[in-house]
Structures are given as C-alpha cells and as structure tokens.
Amino acid sequence: MTNKIYEICKLEIEKLKQNSNTISVFLVGSSKNIDLKLADNNINDIDIFVFVNQGENQVREIKRIEGIEFDINYFSRRGFKHLMDNKEYFFLNGMKDAKVIFDRNNTATCIIQLCRTKYQEGPNQISDGEKCFLKSEMESNISRLKNKEKFDLFEYEFLVNLYLKELIVGYFTINNKWIPKDKKLFKELKKEDSYLYDLANEIKGEEKYEKLLEIYDYIFKDIVMKNYIKITY
C-alpha cells in the first residue's frame, strides 16, 4: 500500500526540484530522521530549506496539504552569506546535520560543512561591559517583585515566569552558548547545568522572589560590576 505522507512529500519536493532557480533542497528538523516511506510513521510537519540562485535573502512559505504542514524556507546566495556572517542559530542549527534531498551543482556537502564549522565556533561573544549591563538590568527587573502586594496575582506570576526565562537566556548569553528555541530552553539547560535546572524548578510557593534572586546570584556570580560614566541630558 502506498504511504500517503510519502507521496505528498515526494510531489512537493519534485515541484521544488523542477524549478530551475533551485540549487539545493534539504530536510531539516526532526523530519529528516524519519523514513517517510514507512506506512506507520506519525508525522504532521516537515521542515525544508531550499537554496536558490536568485531571490530575496529569505522567504518563508507555510503550506498545509491533507493535514501535513510544510514549513519551507528559501535562501538566496546573498541570504546564505548574511545568515552565515551573523551566525543565525536557527539556520546553522538546522543546516549542520541537514539531509540532502536534491543537489543541482554538487555543492550541498560543502554548504553543510561550512554551516557545521560556523556552528561549532559558537555564537558571537558579548563584551564584559555588555555582561555587566545585562546583570544590572536583570537585578533591576527582579527587584520589582520584592513587594508582591503591588501586583495583581496574574501580573506577578507572569513577571516571575518572564524574568526566569530572561535569566536562563542570560545564562546562555554570558557563557557564549547558543540560545535554544523557547520550547527547548529548559531541556537544553538540563544538559548544560543540572544544578541551575534544579534551581529553576524550585520556583513555586511563596518564595518566588527569593528563588529568582538565588538563580540570579548563581548565574552572574563571576560578573564583576564596573563603574561607568553616566551621561545625562
């Protein structure tokens, strides 16, 4: 029996291949590891990167066909260079282990290797001054929560969760690590720092403010604040 998912995917990819402007087509994300020919696979979204000879830097197209969502990103040569130079996480993370499904000019392997090398370099590092500013900004934000009675319950809970997320993002930033997507933030944190992950999971009950401070102190313990000239107008 023919697998419907495979046939739909095959047809969409064939359309991309037949376009003379297409250079390479890659499967990225979780779908690249699934054998679409298997009748019992369970997949409802397929992520595709398409390199084109001419066009905009990046164009995103979402197509839904019989319950399957195709998330297709088109990148021009100029767009590829821009994403590489700026070390865009979503792009390098997707391309570093992408699956080649079409390659017109035998360049796909080189493209993947370039992206893999760039990814392994890590994100662009921030300066000591930027780290100090981030520390100061987070301290100022968290201090707002000291007087809980000033907030409605919903607003207070919202800010606690917002500042927790910002603290975790700050951890990745000051340690020159790639910042994961929101939905993978805590999963990656558990891999990177199990102690910090446990602290983040302890934010509950009546001591949310104190727990945020504890997380703040742990993350920024090695960042020494420096004196900067304050300019007023």
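In this predicted model, Glu-66 is exposed, with a relative accessible area of 55%, and its place is in the loop between strand E3 (58–65) and strand E4 (68–75). Phi of Glu-66 is near 50°, a positive value in a residue other than glycine. Most residues other than glycine have a negative phi. A positive phi of about 50° also occurs at Lys-87, again not a glycine, in the loop between helix H2 (77–85) and helix H3 (89–95). Lys-87 counts as buried because its relative accessibility is 13%, below the 20% cut-off for that class.

Another charged residue, Glu-12, lies in helix H1 (residues 4–18) and counts as buried at 6% relative accessibility. Leaving aside neighbours within four places in sequence, Glu-12 is in contact with Lys-63, Ile-65 and Phe-70.

| Residue | Relative accessibility | Class |
|---|---|---|
| Glu-12 | 6% | buried |
| Glu-66 | 55% | exposed |
| Lys-87 | 13% | buried |

The nonpolar interior can be described next. The largest nonpolar core has 29 residues, and those with the most contacts inside it include Met-138, Leu-167 and Phe-220. Two or more residues each come from helix H5 (128–143), helix H6 (153–174), helix H7 (185–192), helix H8 (194–201) and helix H9 (208–219), with H6 giving the most, 10 residues. When residues up to four places away in sequence are not counted, Phe-220 touches Lys-131, Leu-134, Lys-135, Met-138, Leu-167 and Ile-174. A second, separate core comprises 19 residues, among them Tyr-89, Met-95, Ala-98 and Cys-115.

How values were computed
Residues numbered from 1 in each chain as written. Predicted model: local features only at pLDDT ≥ 70, side-chain atom pairs only at ≥ 80, totals over all residues. Heavy atoms only, no water. Core = buried A, V, L, I, M, F, W, Y, C linked by side-chain atoms within 4.5 Å. Buried < 20%, exposed > 50% of the residue type's maximum accessible area, 1.4 Å probe, protein only. Helix = DSSP H or I, 4+ residues; strand = E, 2+ residues; numbered from the N terminus. Contact = heavy atoms within 4.5 Å.
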